[in-house]
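Trainee: Hi! Could you walk me through this one?
Mentor: Sure, have a look at it here.

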Amino acid sequence: MAFIMTIAFPQAFHAPVYNSAIAYLKARNFPMAEAHLRRSIAEEGATALSFHYLAQVLSQMGGRQKDALAPQAAALKLAPRHPVFIAALGLRLQDAGKEHEGLTLLEEALAIDPNNLLALPWALRLRRRFMLWTGQEQEDAALATLLNSDYQIDPLMLLTYVDDPLIQLKYAGLSAPRVAEKPMKAHAAHEKIRIGYFSADFYQHATMHLMKGLLREHDRDRFEFNIYDLKPVLTDTDSEFVREFADVYHDVSSLTADQIADLARKDEIDIAIDLKGQTKEARPEIFALRAAPVQISFLGFPGTSAMQAMDYMVADKMTIPEGDERYFSEKIMRMPGCYQPTDNARSPAQKGNLRQNFGLPEDKFIFANFNHPHKVGPREFAAWMRVLRETSNSVLLYFTGGSDLTAELARQATDHGVDPSRILTCGMIPQHEHLDRMAQVDLCLDCFAYNAHTTASDALWAGVPLLTLCGSQFSARVATSILSAAGIDGLSVTSENAFVDKAVALSQDPDATSALKAQIARNRESCSLFDTIAWTSNFEHLLEKAHARRVAGQPPAHLSV
């Protein structure tokens with residue numbers, strides 16, 4: 001009969017089922033890991049680590065996040081007041097959508113152990129999510145602890161805090177899958193180049209807002225398209241569009257990475273395109289194993305995969321300038337304009353006098369931030385508050401996601417000497433209404449280390465200027481690339497002081513702001529950013545070049561149109 005231990009099995013204890021479970025966990029074979037952990041708990045004894053790893057396994061399996069709560073709570077019961085298990089339960093609560101409760105436990109773990117590496121990254125993110133930071137010094141201290149370790153910080157999370165492509169390369173490498181690439185057997189040439197798109201975002205998602213025009217304009221005479229859907233949303237209109245677009249559609253949500261890679265090989269895909277990278281619900285193991293002779297990282301993650309098996313990354317001369325290739329494991333496929341596709345078939349935003357429809361003041365200059373709150377930290381917020389202090393007849397429209405941040409915004413504004421009534425909040429609304437709301441704004445203010453991406457092109461489509469700070473890493477240069485492709489000069493600056501000065505100057509010069517909006521409206525019909533047909537053609541030329549090199553037996557190389 002099972003007996004109770006506390007943290008782990010004694011060193012000399014014989015627990016072969018548990019050891020097998022840990023091996024399966026390291027290999028990311030989660031179904032087998034779960035089965036062995038449950039058997040170990042029943043037969044070999046319940047330990048805090050057994051329940052902890054079971055919760056970790058469940059949290060990695062699609063739709064099982066809430067199932068992970070009970071075993072994680074059981075781990076903490078066996079090891080009460082242990083900061084690792086307190087932090088782990090905080091993470092599981094966050095995974096299950098209970099973010100406030102999760103942050104409370106993460107802060108409890110940090111009160112016991114301020115250097116708790118499990119708690120620090122998500123405490124940083126959730127403090128931003130709910131505007132509960134105490135200042136830049138708090139963030140800097142936490143980051144220093146993390147960066148002085150080899151802890152596997154989530155690469156997507158790290159983008160928001162650090163603007164350094166060398167650091168991003170290091171931590172992407174620490175998080176890259178540790179699986180052996182399978183040898184790739186050559187298959188016979190097809191009449192058309194066979195493309196495989198892989199994503200969990202084939203529904204009404206920011207990725208599809210950008211991709212829909214590309215998919216619509218693809219040349220079906222030269223290419224065939226297989227869709228590998230990691231998370232089907234069958235009742236969604238964009239999901240329906242993707243299923244109709246596909247020559248072959250696969251729901252692969254129930255398959256392991258190994259099975260998905262084998263399926264793509266069986267389908268004889270010529271080029272596998274990963275639209276997720278190191279983002280939520282990504283499956284990088286598919287590409288580490290190798291799903292196709294040519295593999296491309298595109299759009300979903302604005303940084304390197306750090307994977308030997310990922311052959312290319314799509315970029316442009318602004319997001320990855322000449323000389324910065326050393327920060328990427330992939331060869332670079334440079335688009336002639338912006339790397340980001342757009343859909344020029346969307347309805348234009350309704351400008352007019354609609355401010356009252358969105359509860360916005362008629363007589364104020366409206367600054368806005370439509371980035372997700374986790375991109376906004378003490379540095380950005382301090383700059384925006386400087387702008388408000390220097391522009392008395394202005395307000396800031398602040399996107400809060402799905403949370404009520406009224407109290408936190410008031411506290412932060414007051415700490416910066418700004419009347420809280422000058423910060424207006426807004427949340428999620430349907431895309432067409434979001435564009436209409438955007439159109440009422442005078443100037444969007446960008447985040448720094450992780451710029452607006454889809455949000456930036458949305459703003460320009462709505463006819464609204466965006467002010468950005470151009471940084472060093474890919475994610476800090478995207479908005480500059482978007483503005484350049486839109487033919488809008490002068491709205492990308494290189495220092496925080498210049499950012500504040502430019503925002504203040506525009507708010508005090510209505511003629512200049514009106515001229516900018518008129519220029520954006522004129523350029524929308526002719527600029528490369530919104531020329532979906534030309535963008536698609538250029539992208540297809542890059543795909544053909546990559547495929548031709550492979551057919552000729554040549555290794556991947558930097559490519560451009």
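Mentor: Here is a short chat about a sheet, two helices and one residue.

Mentor: The model is predicted: local features need pLDDT of at least 70, side-chain atom pairs count only at pLDDT 80 or more, and totals for chains, interfaces and linings use all residues. Residues are numbered from 1 along each chain as its sequence is written, and side-chain values use heavy atoms, leaving out hydrogens and water.

Trainee: In what order do the strands of the open sheet come?
Mentor: The order is S10-S9-S8-S11-S12-S13, 6 strands with parallel pairing. Strands are DSSP runs of E, at least two residues, and helices are runs of H or I, at least four, numbered from the N terminus. Two strands pair if DSSP finds at least two bridges between them.

Trainee: Which strands stand at the edges?
Mentor: S10 (423-426) and S13 (492-493) do; each has a single partner strand, so one side of each is left without a neighbour in the sheet.

Trainee: OK, helices now. How do the axes of H15 and H20 cross?
Mentor: They come within 9 Å and cross at roughly 35 degrees. Axes are lines fitted to C-alpha atoms, for helices over the stretch in contact, with angles from 0 to 180 degrees between N-to-C directions.

Trainee: And Thr 207, buried or exposed?
Mentor: Thr 207 is buried, because its relative accessibility is 8%. Buried means under 20% relative accessible area, exposed over 50%, partly exposed in between (1.4 Å probe, protein chains only). Thr 207 sits in helix H11 (residues 206-217).
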